[in-house]
Amino acid sequence: TSSVAAVSITLLTANLTWSNPAAINYGVSLSDTQLNATANIPGTLTYDPVAGTILTGGSHTLDVSFTPQDTSRFATQSLSRPLTVQAVSLTVTAEDAAKLVGSPNPTLLLSYSGFVTGENASNLATAPTVATVADDNSPLGSYTLTPGGGVSPNYSFNYVNGTLTVSAVPLSITAQPTNLVVTQAQT
């Protein structure tokens, strides 16, 4: 007689190692500095996200899948590691402006320093604005221009105030010709 027996085969697992990567700044693309898992047997490591990816600011999870060369003896495995992408500093400056008493405020402008990867204000979740207490009726003087309100996971905002100078309307004096009589003094 013969009998049939069920045999359960447990595949071996490779020894995968992957240290938690150090935090990176926004704008730095993923490279083998972060994606550096190793296995003790031949096989293929596949990362998600892939090398070259630029992640937004905040907390992320990096994944790796290991496919062994010898799939008849070794199992496919996966690991995950946390990665923090730090926001970079963006300086937002209210540009100085001027106006005459009684006139409306000019268009108030902001300048930026610190954008990365070719970005500009349109890449911010909420672009900063600039405010002042000066209005059409403000008297002569200097008024603070205060930037604020920017929102982005990729940037931390450093605001620099500007000044709005309200000046007097220039006075225009026009000389009118008059009839002059010239006499010669007697000696």
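Helices and strands are taken here as DSSP runs, with at least four residues for a helix in H or I and at least two for a strand in E, numbered from the N terminus. On that basis, the chain has zero helices and 13 strands. I should state at the outset that this is a predicted model.

Let me begin with the overall picture. Read from the N terminus, the order of elements is β-β-β-β-β-β-β-β-β-β-β-β-β. The chain holds 187 residues, and 26% of them are buried. If one takes contacts between residues at least 6 apart in sequence, 57% connect residues at least 24 apart. The accessible surface amounts to about 12100 Å², and carbon and sulfur atoms account for 52% of that area.

I turn now to two loop residues. Leu 140 lies in the loop that links β10 (129-131) to β11 (141-148). Is Leu 140 buried or exposed? Its relative accessible area is 52%, and the threshold for exposed is over 50%, so Leu 140 counts as exposed. Leu 140 also belongs to a nonpolar surface patch together with Leu 100, Val 101 and Val 169, and the accessible area of these residues together is about 330 Å².

The second residue is Asn 154, located in the loop between β11 and β12 (155-160). Asn 154 is classed as buried because its relative accessible area of 7% falls under the 20% limit. Which residues does Asn 154 contact, once neighbours within four places in sequence are set aside? They are Tyr 26, Thr 56, Gly 57, Ala 87 and Val 88.

To close, Leu 140 is exposed, whereas Asn 154 is buried.

Technical notes
Residues are numbered from 1 along each chain as its sequence is written. This is a predicted model: local features need pLDDT of at least 70, side-chain atom pairs count only at pLDDT 80 or more; totals for chains, interfaces and linings use all residues. Side-chain values use heavy atoms; hydrogens and water are left out. Patches are made of residues with over 30% relative accessible area and no salt bridge: like charges are joined within 9 Å, nonpolar side chains (Val, Leu, Ile, Met, Phe, Trp, Tyr) within 5 Å. Accessible areas come from the Shrake-Rupley method with a 1.4 Å probe; for residues, only the protein chains shown count as cover. A salt bridge is a side-chain nitrogen of Lys or Arg within 4 Å of a carboxyl oxygen of Asp or Glu. Buried means under 20% relative accessible area, exposed over 50%, partly exposed in between (1.4 Å probe, protein chains only). Contact means heavy atoms within 4.5 Å.
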